[in-house]
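Student: Hey, got a minute to go through this fold with me? I'd like to look at some helix packing and then a pocket.

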Amino acid sequence: MLLISIHPGTSLILAYLNEKNRPYSAQDVFCNLQKQHGLGKTAVVRAMEQLATEGRIKEKTYGKQKIYFADQAQFKDVNDADLKAMDCQISELSAEAQSLTHSCRQLDSELKELNSSLTTEEMMSEIRALKEECSRYRARLEKIKSATNHVTPEEKEKVYKERTVYVKEWKKRKRLASDMMNAILEGYPKSKKEFLDEVGVETDEDCKVVVPSA
């Protein structure tokens, strides 16, 4: 008595090839069924070889690759009218699929927008925080308004004028000091730095001070 071993997944693969009715390699079938059914690649290859050997599916070899497909003898002949009907059905289903895809994208966009929006509780919390911040600024403004030590425009103008005078005098004295120092350095045997160190003079540059432009 001859015993034929049945590889796991044989019935599943046979049903899959008959349903799809298109050519597949063993790798294609493995990739399409592995995730959902957990079939191993070796089991898929052996099962498809067994089905081909038994004549339950057809096999074609192209170079080093084998292609498997359903036995077409099991399907009834299709006339032109049936083909046209199928084409119409395919067109209708394609249009429906396209419409559903568009609707899904719109719904997904709306969902993302809703997820990014604040909830009622979050909005109420945000409003409370803004009101508290406004109250702090209002209290600060009232404090500034009630102060008695405000600088008047006249006082401000006076300060700016005095600053201009002081800056002008600063530049004048700096220029005079520079001229005097240059005159001394003409007959001084050492460098300018050594002269400044010797007489104990600190320049604006030493103190990292810059004369204002105005």
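Tutor: Sure, we'll take the helices and then the pocket, and keep in mind that this is a predicted model.

Student: OK, at what angle do H1 and H2 pack?

Tutor: About 120°, and their axes are 12 Å apart. H1 covers residues 10-20 and H2 covers residues 26-37.

Student: So what do you call H1 relative to H2, given that angle?

Tutor: Oblique, because of that angle of about 120°. Angles from 65 to 115 would count as roughly perpendicular, and over 145 as roughly antiparallel.

Student: Is the crossing left-handed or right-handed?

Tutor: H1 and H2 make a right-handed crossing.

Student: Which residues make the contact?

Tutor: From H1, you've got Leu12, Ile13, Tyr16 and Leu17. H2 brings Val29, Asn32, Leu33 and His37.

Student: And how does that contact split by class?

Tutor: Six residues are nonpolar, two are polar and none is charged.

Student: Switching topic: what's the volume of the largest pocket?

Tutor: About 320 Å³.

Student: Which residues are closest to its centre?

Tutor: Lys174, Ala177, Ser178, Met181 and Thr203, out of 15 that line the largest pocket.

Student: Which elements give two or more residues to that lining?

Tutor: Helix H6, residues 153-185, and helix H7, residues 192-199. H6 gives the most, with seven residues.

Student: How many charged residues are in the lining of that pocket?

Tutor: Six are charged, alongside seven nonpolar and two polar ones.

Key. Residues numbered from 1 in each chain as written. Predicted model: local features only at pLDDT ≥ 70, side-chain atom pairs only at ≥ 80, totals over all residues. Heavy atoms only, no water. Axes fitted to C-alpha atoms, helices over the stretch in contact; angles between N-to-C directions. Helix = DSSP H or I, 4+ residues; strand = E, 2+ residues; numbered from the N terminus. Parallel < 35°, antiparallel > 145°, perpendicular 65-115°, else oblique. Left-handed = near helix turned anticlockwise from the far one by under 90°. Contact = heavy atoms within 4.5 Å. Nonpolar A, V, L, I, M, F, W, Y, C, P; charged D, E, K, R; others polar. 1 Å grid on protein atoms, 1.4 Å probe; cavity = no way out; pocket = protein on both sides within 12 Å on 5 of 7 lines; lining within 4 Å. Points joined across faces, edges and corners; volume = space filled by probe spheres on them.
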